[in-house]
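Trainee: I am new to this structure. Please pick one part of its surface, look at it closely, and then show me how the rest is put together.

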Amino acid sequence: MRHGKKFNHLGRKTAHRSAMLSNMASSLIMHKRINTTVAKAKALRKYIEPILTKSKTDDTNSRRVVFSYLQDKESVSELFNNVAGKIANRPGGYTRIIKIGARLGDNAEMCMMELVDFNELLLTETDAGKAKTRRSRRGGKAKAKNEEAPKAEAVETKEEAVAEEAKEEKVEAKAEEKEETLKAEKKEEKKEDKKKED
């Protein structure tokens, strides 16, 4: 019985499946990008991610372990010489699956699978898109004002927002102090009442 096994056999016997995944992994390492079906890509992701993690430590044992999976000297040398250096700082998630529609013949869901660190276009876009922003509780209103106003006014509104936040913090601090003094007074009154009763 197959209870609880989420393993996709891909309609193949074990030897055929492992050979296919090995060849696909070698192709992905050599070409950095392959087109395949979504089901095969998801199975390949589980197969190749541990191999890529193993390649981060470049010693004889890890090379032999990786070779036992890939069975291809060229892809092993490519992995350890070029790929491992680029993925060294990434803590997992080395591959990306991008769906590209259905295949004409059998309507199978197709995708493009690639190594994340080798897509130069997306890497440059993400670096340029990272703008340092300051989070505040009044972010939405300040944005709307900044878009309409010129840059000089935008600077003034930011300063005003900072001043308003400082005022709010002072008001909150005063309110907390008042609450604490009221609590202290109530405790003293209770103590005095008890003394009077005794």
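Mentor: Start with a patch of negative charge on the surface, where E185, E188, E189, E192, D193 and E197 gather. Keep in mind throughout that this is a predicted model. Take D193 as the example from the patch. D193 sits in helix α7, which covers residues 151-197. Its relative accessibility is 42%, so D193 counts as partly exposed. The step behind that label is a pair of cut-offs: a residue is buried under 20% relative accessible area and exposed over 50%, with partly exposed in between. A residue also needs over 30% relative accessible area and no salt bridge to join such a patch.

To place that helix, go through the whole protein. The secondary structure consists of seven helices and three strands. Read from the N terminus, the order of elements is α-β-α-α-α-β-β-α-α-α. The protein has 198 residues, and 25% of them count as buried.

From the surface, turn to the inside. In soluble globular proteins, nonpolar side chains tend to be buried together. Here the largest nonpolar core has 27 residues, and the members that touch the most others are L44, L52, L70 and L79. At least two residues of this core come from each of α1 (14-31), α2 (38-54), α3 (60-70), α4 (73-86) and β3 (109-115). Helix α2 gives the largest share, eight residues.

Next come the charged pairs. Side chains of opposite charge can pair when their charged atoms come close. The structure holds eight salt bridges, and three of these are worth following one by one.

The first to follow joins K32 and E78, whose closest N and O atoms are 2.6 Å apart. This pair links distant parts of the chain: K32 is in the loop between α1 and β1 (33-37), while E78 is in helix α4, and their positions lie 46 residues apart in the count. K32 counts as buried because its relative accessibility is 16%. E78 has a relative accessible area of 18%, so E78 is buried too.

The next pair is R33 with E114, where the closest N and O atoms are 3.0 Å apart. R33 belongs to strand β1 and E114 to strand β3, so this salt bridge ties together parts that are 81 residues apart in sequence. The two partners carry separate labels. R33 is partly exposed, with a relative accessible area of 39%, whereas E114 is buried, at 1%. This pair is also part of a wider arrangement, since a network of salt bridges links R33, R96 and E114.

The last pair to follow is K86 and E120, with 3.0 Å between the closest N and O atoms. K86 lies in helix α4 and E120 in helix α5 (residues 120-129), so parts that are 34 residues apart in sequence are tied together. K86 counts as partly exposed at 38% relative accessibility, and E120 is partly exposed with a relative accessible area of 43%.

Now return to K32, this time for its backbone. Most residues other than glycine have a negative phi, and most peptide bonds are trans. K32 has a positive phi of about 70° although it is not a glycine. Its place, again, is the loop between α1 and β1. L10 is another residue with this feature: its phi is positive, about 60°, and L10 is not a glycine. L10 is found in the segment before α1. With a relative accessible area of 14%, L10 is buried.

End with a residue in another loop. P91 is located between α4 and β2 (95-102). What is its label: buried or exposed? P91 has a relative accessible area of 81%, so P91 is exposed. P91 also shows how sequence and space are two separate readings: P91 and T53 are 38 residues apart in sequence, and their C-alpha atoms are 8.4 Å apart in space.

To sum up the route: the surface patch includes D193, the largest nonpolar core takes eight residues from α2, and salt bridges such as the one between K32 and E78 link distant parts of the chain.

Methods: Residues numbered from 1 in each chain as written. Predicted model: local features only at pLDDT ≥ 70, side-chain atom pairs only at ≥ 80, totals over all residues. Heavy atoms only, no water. Patch = residues over 30% accessible without salt bridge, like charges linked within 9 Å, V, L, I, M, F, W, Y side chains within 5 Å. Areas by Shrake-Rupley, 256 points an atom, 1.4 Å probe, with all protein chains shown as cover. Salt bridge = Lys/Arg side-chain N within 4 Å of Asp/Glu carboxyl O. Lys, Arg positive; Asp, Glu negative; His and termini not counted. Charge placed at Lys NZ, Arg CZ, Asp CG, Glu CD. Helix = DSSP H or I, 4+ residues; strand = E, 2+ residues; numbered from the N terminus. Buried < 20%, exposed > 50% of the residue type's maximum accessible area, 1.4 Å probe, protein only. Core = buried A, V, L, I, M, F, W, Y, C linked by side-chain atoms within 4.5 Å.
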